[in-house]
Every structure is written in structure tokens, then in C-alpha cells.
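Dear colleague,

I am handing over the structure we spoke about, and below it you will find my notes on what came out of going through it. Please read them with the model open beside you.

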Amino acid sequence: MKIWVNILAIIVFIAAIAAGEMFWNNKVSEQSVSTPTKVETSSNTNESENTRREHAQNLPKSIKAKLQKAEQTKTPLKLVIVGSAPQEQVKATWAELLKKKIEDSYGSSLINVEVHEYRNMTTLQFIKSDAYKKIADAHPDVLLFEPFLLNDNGVVGIENTLENVNIILTYVKEQNEQVITILQPSAPVYKANNYPSDAEALEEFAKENSYEYINHWSAWPDYHSEDILNYLTKTPGQPNDKGEKIWAQYLETYFTNSALSL
């Protein structure tokens with residue numbers, strides 16, 4: 001009888017040990033399932049913000065604020081580029097080069113770039129054809145406008161050009177009060193006479209009306225010098241591939257803080 005009692009005690013002891021082990025295994029399993037792993041996102045967010053700030057250093061505060069808002073709302077800022085299409089074929093226009101650089105730098109999820117180029121267009125034709133209304137319909141947050149200054153030269157007259165530009169930009173502003181407009185001249189012309197004063201008048205117009213103005217001519221060789229011919233085709237004021245590139249690089253420095261290599 002005593003032997004059977006001892007045997008029974010041993011069986012109970014072994015069963016208790018087995019049950020305890022099963023209990024703790026289940027507890028460990030439950031903890032591994034119910035405890036989530038924390039995903040750190042702050043470093044990625046900071047990296048994205050730092051990248052934006054680095055590229056936007058040369059931009060005005062108004063555009064920096066729009067970029068910050070675009071990043072926060074996950075809605076890309078829309079940059080619409082409007083200018084003259086080349087008379088002669090080139091590998092890529094300054095606008096196409098700039099679009100690629102901006103979207104590569106910021107990412108198309110932060111800035112979306114839309115390019116509108118017009119061949120042989122004047123500001124008067126731009127209005128009469130209602131093309132300017134299509135630009136407003138694109139709903140730009142930022143408008144980079146090269147207002148066909150060279151095509152207007154000697155045809156429309158600078159006073160009429162500026163009046164036409166005012167009509168165009170007033171309409172765009174009426175459709176979107178928050179739009180930021182940046183003006184720039186067309187390409188320089190070798191040994192031009194009246195045309196440089198047209199560019200100066202456009203710059204003065206921009207200042208008087210609180211528009212941003214980019215003078216990319218400072219990146220080109222002096223228009224009095226034969227050196228500038230290395231950047232132009234035989235058509236006056238028409239950049240060749242080197243000219244398109246030098247124009248684009250100046251704007252790239254403005255928009256993305258990239259190094260200007262001339």
C-alpha cells in the first residue's frame with residue numbers, strides 16, 4: 001500500500017511540472033503576439049524635411065511656406081512653366097531640363113511641374129487666342145512665366161507688352177488669389193539695341209507689382225561679346241543646346257540650390 005502511495009505522489013509531481021511548463025509557454029506566446037513593435041518614422045520625416053529645406057534655400061519665403069504645406073498635406077505643389085518654344089530643334093529646352101531637375105530633387109509627390117511652350121507666340125496672340133485662360137485652368141500654385149519678350153520686341157512694343165502681361169497675370173490671379181508669379185526675360189540677343197531695355201522694363205514691372213523676377217542673363221556671357229554666340233543658334237535670341245542648358249542651370253540653382261556649373 002505504501003508503495004502505491006509513493007508511486008501516485010511521483011505521478012502527481014510529474015504532472016504538476018508538465019502543467020507549469022505549458023502555462024509559462026502559453027504566457028510567452030501571448031506576450032509575443034500582443035506586444036507591437038514600435039516603428040520609428042521620425043528619422044524619415046526629418047530627412048524628408050531637411051531635404052526640402054536644403055533644396056529650397058534660394059526660394060522666397062512664400063514658396064517655402066507652400067512647400068511646407070504641400071509636405072504636410074501630402075498634396076503636391078503645382079509649378080506651371082510658360083514660355084517660348086525654340087525656333088530650331090534642341091535636345092531639351094530649358095523648361096524640360098528644369099522640370100526634370102525639380103522633380104528629381106524634390107520628388108513629384110512634393111512638386112508637380114507642368115510645361116507650356118508656344119512657338120512664335122506674342123503676348124497679344126496669347127490673349128487673343130485665350131491661351132492665357134488655359135494657364136489659369138491649370139491652377140498653378142507657382143507660375144514661372146517668360147512672357148514672349150523677344151517675340152514682342154519690335155512687333156508689339158514694350159508698353160503694350162507690359163499691359164498684356166498685366167491682363168494675363170490679373171486674370172490668373174482672379175482665378176487663384178494664392179498664386180505666386182515669377183517673371184523672367186527671354187534669352188539674350190547678341191549686340192541687341194532696344195531689347196535689353198525691354199528686359200529692364202519687365203524687371204521694373206515685376207518690382208512695381210510685387211512679382212518675383214529672375215534675371216538669368218547674368219549666367220550668360222555678355223551679350224556684347226562674341227562669346228555669347230557659342231550659346232546661340234543663327235536665329236537671334238534662339239539658344240542652342242548649350243544655351244538651353246546654361247539657362248536651365250541658372251533656374252535649377254534658384255529652385256533646387258544646385259551648384260551652377262558653367
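Ala 95 lies in helix α4, and in this predicted model Ala 95 is buried, with a relative accessible area of 1%. Leaving aside residues up to four places away in sequence, Ala 95 touches Ile 81, Val 115 and Glu 117. The C-alpha atom of Ala 95 is separated by 8.1 Å from that of Gly 83, and these two residues are 12 residues apart along the chain.

Helix α4 (94–106) also comes up in connection with internal space, since it is one of the elements that give two or more residues to the lining of the largest cavity. The count comes to 1 cavity of 30 Å³ or more, and about 80 Å³ of space lies in the largest cavity. The residues that line it are Leu 59, Ile 63, Leu 67, Leu 77, Leu 79, Ile 102, Tyr 106, Ile 111, Val 142 and Phe 255; besides α4, the elements giving two or more residues to this lining are α3 (61–73) and β1 (77–84). In character the lining divides into 10 nonpolar residues, with no polar and no charged ones.

Two backbone conformations deserve a look as well. Most residues other than glycine have a negative phi. His 139, however, has a positive phi of about 55 degrees although it is not a glycine; its place is in the loop between α6 (131–137) and β3 (142–145), and His 139 is exposed, with a relative accessible area of 52%. Ser 210, which is not a glycine either, has a positive phi of about 60 degrees. Ser 210 is placed in the loop between α9 (195–208) and β5 (212–213), and at 68% relative accessibility this serine counts as exposed.

Finally, a word on confidence. The mean pLDDT of the chain is 86, and 81% of its residues reach 70 or more. Over residues 23–44, on the other hand, pLDDT stays under 50, and for this stretch the model has 0 contacts beyond four places in sequence. Where pLDDT is low, the predicted coordinates should not be read in detail, and I would ask you to keep this in mind when you come to residues 23–44, where pLDDT stays under 50.

With best wishes

Methods: Residues numbered from 1 in each chain as written. Predicted model: local features only at pLDDT ≥ 70, side-chain atom pairs only at ≥ 80, totals over all residues. Heavy atoms only, no water. Helix = DSSP H or I, 4+ residues; strand = E, 2+ residues; numbered from the N terminus. Buried < 20%, exposed > 50% of the residue type's maximum accessible area, 1.4 Å probe, protein only. 1 Å grid on protein atoms, 1.4 Å probe; cavity = no way out; pocket = protein on both sides within 12 Å on 5 of 7 lines; lining within 4 Å. Points joined across faces, edges and corners; volume = space filled by probe spheres on them. Nonpolar A, V, L, I, M, F, W, Y, C, P; charged D, E, K, R; others polar. pLDDT = per-residue confidence, 0-100. Contact = heavy atoms within 4.5 Å.
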